[in-house]
Amino acid sequence: MTVAGIVVAAGRGTRAGGETPKQFQPLGGSTVLGQTLAALSSHPALTQLVVVLHPDDTDLFAASINLPEHCAISTVPGGATRDASVRAGLAALQDGTRKVLIHDAARPFVTQALIGRVIDALDHAPGAAPALAVTDALWRGNDGNVVALQDRTGLFRAQTPQGFRTSAIRAAHASHSGGAADDVAVALAHGLDVTIVEGDEDNIKITLPGDFARAEALLAQREKERHAMDIRLGNGFDVHRFCEGDAVILCGVRVPHTHALDGHSDADVGMHAVTDAIYGALAEGDIGRHFPPSDPQWKGAASEVFLRHAVDLARAKGFSIGNVDCTLICEFPKIGPHGSAMQAEMARIMGLDPSRVSVKATTSERLGFTGRSEGIASIATATLVAP
Ligand SMILES: Nc1ccn([C@@H]2O[C@H](COP(=O)(O)OP(=O)(O)OP(=O)(O)O)[C@@H](O)[C@H]2O)c(=O)n1
Ligand SMILES: C[C@](O)(CO)[C@H](O)COP(=O)(O)O
């Protein structure tokens, strides 16, 4: 379903002050509007963004915004009021746009999760908007004095993006007389149901001069969290049965034996468990997902191919392998004499120091299928670390 975003950025930001309207003031090496567009356009469901600009700001926009490439962005001139600007944005939407999210340029901290909540809620209602329940006591004041208490039951602080089925909000704006605080007000006046979805405390609107310092602090906090160490743990388990043959391949080493291991690839049960542990730590499924057994090209493949793929995937996602620990479970062959060679081979394939790779073995006390020497099992764990 096509989802578009309208970013209303045609206001003058009089309350925020400054030489330029607040949406063009600097924030985190970009501008407020630059951060807002980056946040919205990175949501995969949004395929079109319309930015509504004051006619005086066209040059400011061109000079200060780095447009992302993967989302079609266009600009249209806004109006004297917020709702006039929204109407200009609605008129510019591509045909076939089923859902539209209308967002303030002045809310640069909108998250992917919040955007997703609004989009999803539109499957069940013509309108959906984020808000936070009022949790403080509310007073009515006059001349600096409290004159009454205000019941806060059922009160919410409204946020954007406010989402709508496109045809419904177009009709609502077309029949509205103007002067609405937001698009939910327009929708309600037209009789549309609007679902409240959970808002976000960080989704602030830059309104007053002090909000810029708050926004920089929020950005710094996000940067800190982004660079915080991310440690992942994964496990893997694999079994291969014995078949006719004179050697098994375990952790990349050929070990002479009375049987071989049966499998689509080289049946290296130890390397498969380690590979699955890495995929597990990345939440990337298992070997079968990346190398389907139904695909003839993996017939007899050296399992090194699978392990390298998992390690490369981890690196591409910014992780290094902290360590791996693999246990082979069998009565025979005896693993001890080959343990160092297996450790060295696994370390070589993963590009790790051998001190980060453990290969050990145990029997199952002659119990179960491994005890009856029907096959070999292996379990493994892997830690991945992103700095
Ligand atoms: N004629 C208008 C008025 C407002 N907006 C946009 O609506 C959003 C929310 O409005 P607000 O925070 O009130 O912004 P301003 O109108 O710019 O602020 P102020 O009232 O302080 O002048 C802002 O992103 C603003 O740019 C708009 O596109 N067109
Ligand atoms: C749309 C809005 O952001 C909802 O909170 C808000 O109503 C617009 O800004 P204003 O400060 O009320 O003008």
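Colleague: What share of the 387 residues in the protein is buried?
Modeller: In this predicted model, buried residues make up 39% of the 387 residues.

Colleague: And how many helices and strands does the secondary structure come to?
Modeller: The secondary structure comes to 12 helices and 19 strands. As for the contacts with a separation of 6 or more, 72% of them are accounted for by residues 24 or more positions apart.

Colleague: Which members of the largest nonpolar core touch the most other members?
Modeller: They are Ile6, Val7, Val8, Ala9, Val52 and Val118, in a core of 47 residues. A second, separate core has 42 residues, and Val269, Phe306, Leu328 and Ile335 are among them.

Colleague: Why would nonpolar side chains be buried together?
Modeller: That is a general tendency of nonpolar side chains in soluble globular proteins.

Colleague: Back to Val8. What does Val8 touch, not counting residues up to four places away in sequence?
Modeller: Val8 touches Val52, Gly78, Arg82, Ser85, Val86, Gly89, Ile102, Asp104 and Ala105. Val8 is also one of the residues that come nearest to ligand 1, together with Ala10, Gly11, Arg15 and Ser85.

Colleague: Which elements give two or more residues to the shell around ligand 1?
Modeller: Strand E1 (3-9) and helix H3 (82-91) do so. The shell has 22 residues, which divide into eight nonpolar, nine polar and five charged.

Colleague: And which residues are around ligand 2?
Modeller: Ligand 2 has Asp104, Ala158, Gln159, Thr160, Ala181, Asp182, Lys205 and Thr207 around it. Two of these residues are nonpolar, three are polar and three are charged. Asp104 also appeared above, among the residues that Val8 touches.

Colleague: Changing topic: is helix H1 mostly covered or mostly uncovered?
Modeller: Helix H1 (residues 32-41) is mostly covered, with eight of its 10 residues buried. The buried residues are Val32, Leu33, Gly34, Gln35, Thr36, Leu37, Leu40 and Ser41.

Colleague: What do the buried residues of H1 pack against?
Modeller: They pack against strands E1, E2 (26-27), E3 (30-31), E4 (46-53) and E6 (99-104), and against helix H2 (58-64).

Colleague: Now Ala187. Where does Ala187 lie, and why is it classed as buried or exposed?
Modeller: Ala187 lies in helix H6 (residues 183-189). Ala187 is buried because 27 other C-beta atoms are within 10 Å, and the cut-off for a buried residue is 20 or more. Beyond its neighbours within four places in sequence, Ala187 is in contact with Gly127, Phe164, Ile169, Ala172, Leu192 and Val194. The C-alpha atoms of Ala187 and Ala171 are separated by 9.0 Å, and these residues are 16 apart along the chain.

Colleague: In which sense do E14 and E15 pair?
Modeller: Strand E14 (residues 247-250) and E15 pair in the antiparallel sense, over four bridges. One of the partnerships joins Ile249 to Arg254 in E15. The two strands form a hairpin with two residues between them, and Cys251 in the turn has a positive phi of about 50°.

Colleague: What about Val253 in strand E15?
Modeller: Strand E15 covers residues 253-256. Val253 is buried, with 22 other C-beta atoms within 10 Å. Leaving out residues up to four places away in sequence, Val253 touches His338, Ala341, Met342 and Glu345. Val253 and Met342 are 89 residues apart along the chain, yet their C-alpha atoms are separated by 5.8 Å.

Colleague: Which side chains of E18 point to the buried face?
Modeller: In strand E18 (residues 357-362), Val357, Val359 and Ala361 point to one face and are buried. Ser358, Lys360 and Thr362 point to the other face and are not buried. Strand E17 (residues 320-329) pairs with E18 in the parallel sense over six bridges, and Leu328 has Ala361 as its bridge partner.

Colleague: How does the chain cross from E17 to E18?
Modeller: The chain passes through helix H11 (residues 339-350), and this β-α-β crossover is right-handed. Arg356 lies in the loop between H11 and E18.

Colleague: Why does Arg356 count as partly exposed?
Modeller: Arg356 counts as partly exposed because it has 18 C-beta neighbours inside 10 Å, whereas a buried residue needs 20 or more. Apart from neighbours within four places in sequence, Arg356 is in contact with Ile321, Gly322 and Asn323. Arg356 and Asn323 are 4.5 Å apart, C-alpha to C-alpha, and 33 residues apart in sequence.

How values were computed:
Residues are numbered from 1 along each chain as its sequence is written. Chains are lettered from A and ligands numbered from 1 in the order in which they are written. This is a predicted model: local features need pLDDT of at least 70, side-chain atom pairs count only at pLDDT 80 or more; totals for chains, interfaces and linings use all residues. A nonpolar core is a set of buried Ala, Val, Leu, Ile, Met, Phe, Trp, Tyr and Cys residues joined through C-beta atoms within 7 Å. A residue is buried if 20 or more other C-beta atoms lie within 10 Å of its own, exposed if 12 or fewer, and partly exposed in between; C-beta atoms are placed from the backbone. Two residues are in contact if their C-beta atoms, placed from the backbone, lie within 7 Å. A residue is near a molecule or strand if its C-beta atom, placed from the backbone, lies within 6 Å of it. Ala, Val, Leu, Ile, Met, Phe, Trp, Tyr, Cys and Pro count as nonpolar, Asp, Glu, Lys and Arg as charged, and the others, Gly among them, as polar. Two strands pair if DSSP finds at least two bridges between them. A crossover is right-handed if, with the strands pointing away from the viewer, the path from the first strand over the helix to the second runs clockwise.
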